Each structure stands twice: as structure tokens, then as C-alpha cells.
Amino acid sequence: MLVADEFFLIAHNDSRGKAKLHPSATGLGLAAGLLAELILFGQITVSGGLVTVLDRRPPADALAHTVLDQLIGESQHQAVRTWLAFLSQSSTTSVGERLARAGVLRRQENRRLLRTTVSYLPIDLNAAAWPATRLRALIERPEQPLVSDTTLLGLVAAAGLTREVLWSAGPRAHHRLSTLIQSLPAPLQELVVHTEAAVGAAVLRGIP
């Protein structure tokens, strides 16, 4: 499962598909997850607050392909924060749809008065809860996790989801989390920092 997919499940670990975060924090975390996937695929990098495309060849995943095409098509815009803000507008829907296509979630439309909302319900509650459980186990092990898992941990912390992974954990686990995030390759570590700043600014402004 890709980074943004697992982030989505951690952020919506609920039988009703209800988000555990402020909507802007959820969207920004998922947007960062989509950028992180492209970094991990070796197709973009982040440095000095800017996103640079390294490889224009389309990735296998359809959503990653779409995001890469957007980055290429709007190459005049390179600021990480600009792309986080832009992608966050549709990231919840796009990642939710990817998980629905994969058979992990079920798309449900809710009609109320003059508007329709869409939610994504877990087909298997245990499968939906697994990413958070898995990350908790990784933190408690002495081995260095995969870069993709450490990236997910960084985005979870940046978005304010730490409690969903480190429930009832002590200071040692929190210190381990911080140490792991600091071990990330520079482009991913910078992405985490920008994500945390964007989430903090959006929540303070009360952006829905």
C-alpha cells in the first residue's frame, strides 16, 4: 500500500469513514503523501522549498501519474507550499477513490437537502486499522524501518495524527519517533517540515 493510502486509513480509522483531523490537515497530509510517493519513485525531489521533476516517465500508479502530469504541466509553480495547497483541494477524494478501486474502501454518497457528500467506508475494519498498528510496532522495534514507513511516520506527526499511532505510549516511543523522522533523506525531511508548517497555518486560519 502506498504512503498516501496508509495515511488516509490512519486519518479515517472509523467505521463511518469520519476523519479524525481538521479537513485542511487531512487534505494537506494526503497531498504531502502524494508528493512523497513521487519522491520515493525517484521522479521528483524537494530542495530549498521547491519541487523539481527529475523523471518525466509515467509511474505505474494512475494517481501518481496524474500528479506528475500536473507538476510537469504547471512547471512555473515550484513552491512546495503551493503544491501542498493545490493538491490538498482534491487529495481526500482522489486517494479515497484509489482505495475504493483497490477494494479497501466502499464509496458512499449521502444526500442531505440540496447537497451530496461522499464518504469512504472501510470494507474490513481490521484492515483499515492495520496501518496505525503496524507503525506502532515499527517504532517499538530496534531495526531501522523502510524509508517509506519512516516517511509515513513523519507525515502522521506533521498532520497531528501521532496519537493515533502512539496511543498510551511513553516518552521513549515519542523520542524514537523524532529520531526516525530526523533520519529521513533530505527531500523527504524537508517535505515533512513544510507539511507541518502548512497544517499549522491552515488550522490557525480556520480553513475548512
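## A buried first helix and a nonpolar core

Helix 1, residues 3-11, is largely enclosed by the rest of the structure, because nine of its nine residues are buried. Please keep in mind that this is a predicted model. The buried residues of helix 1 run through Val-3, Ala-4, Asp-5, Glu-6, Phe-7, Phe-8, Leu-9, Ile-10 and Ala-11.

Let's step past the end of this helix. His-12 sits in the loop between helix 1 and helix 2. The side chain of His-12 comes to 2.9 Å from the backbone oxygen of Phe-8, a residue that is itself among the buried ones of helix 1.

How do His-12 and Leu-40 compare in accessibility? The table sets them side by side.

| Residue | Location | Relative accessible area | Class |
|---|---|---|---|
| His-12 | loop between helix 1 and helix 2 | 8% | buried |
| Leu-40 | helix 2 (residues 23-40) | 33% | partly exposed |

Leu-40 is counted as partly exposed because its 33% lies between the 20% limit for buried and the 50% limit for exposed. Together with Phe-41 and Val-147, Leu-40 makes a nonpolar surface patch of about 230 Å².

Now for the interior. Which residues have the most contacts inside the largest nonpolar core? They are Phe-7 and Leu-84, in a core of 60 residues. Helix 2 gives the most to this core, with 10 residues. Phe-7 also belongs to the buried set of helix 1.

As for Leu-84, leaving aside neighbours within four places in sequence, its contacts are Leu-28, Ala-31, Ala-32, Leu-35, Leu-191, His-194, Thr-195 and Ala-198.

Terms used: Residues numbered from 1 in each chain as written. Predicted model: local features only at pLDDT ≥ 70, side-chain atom pairs only at ≥ 80, totals over all residues. Heavy atoms only, no water. Buried < 20%, exposed > 50% of the residue type's maximum accessible area, 1.4 Å probe, protein only. Helix = DSSP H or I, 4+ residues; strand = E, 2+ residues; numbered from the N terminus. Patch = residues over 30% accessible without salt bridge, like charges linked within 9 Å, V, L, I, M, F, W, Y side chains within 5 Å. Areas by Shrake-Rupley, 256 points an atom, 1.4 Å probe, with all protein chains shown as cover. Salt bridge = Lys/Arg side-chain N within 4 Å of Asp/Glu carboxyl O. Polar contact = N/O pair within 3.5 Å; in protein donor to acceptor, adjacent residues only side chain to side chain. Core = buried A, V, L, I, M, F, W, Y, C linked by side-chain atoms within 4.5 Å. Contact = heavy atoms within 4.5 Å.
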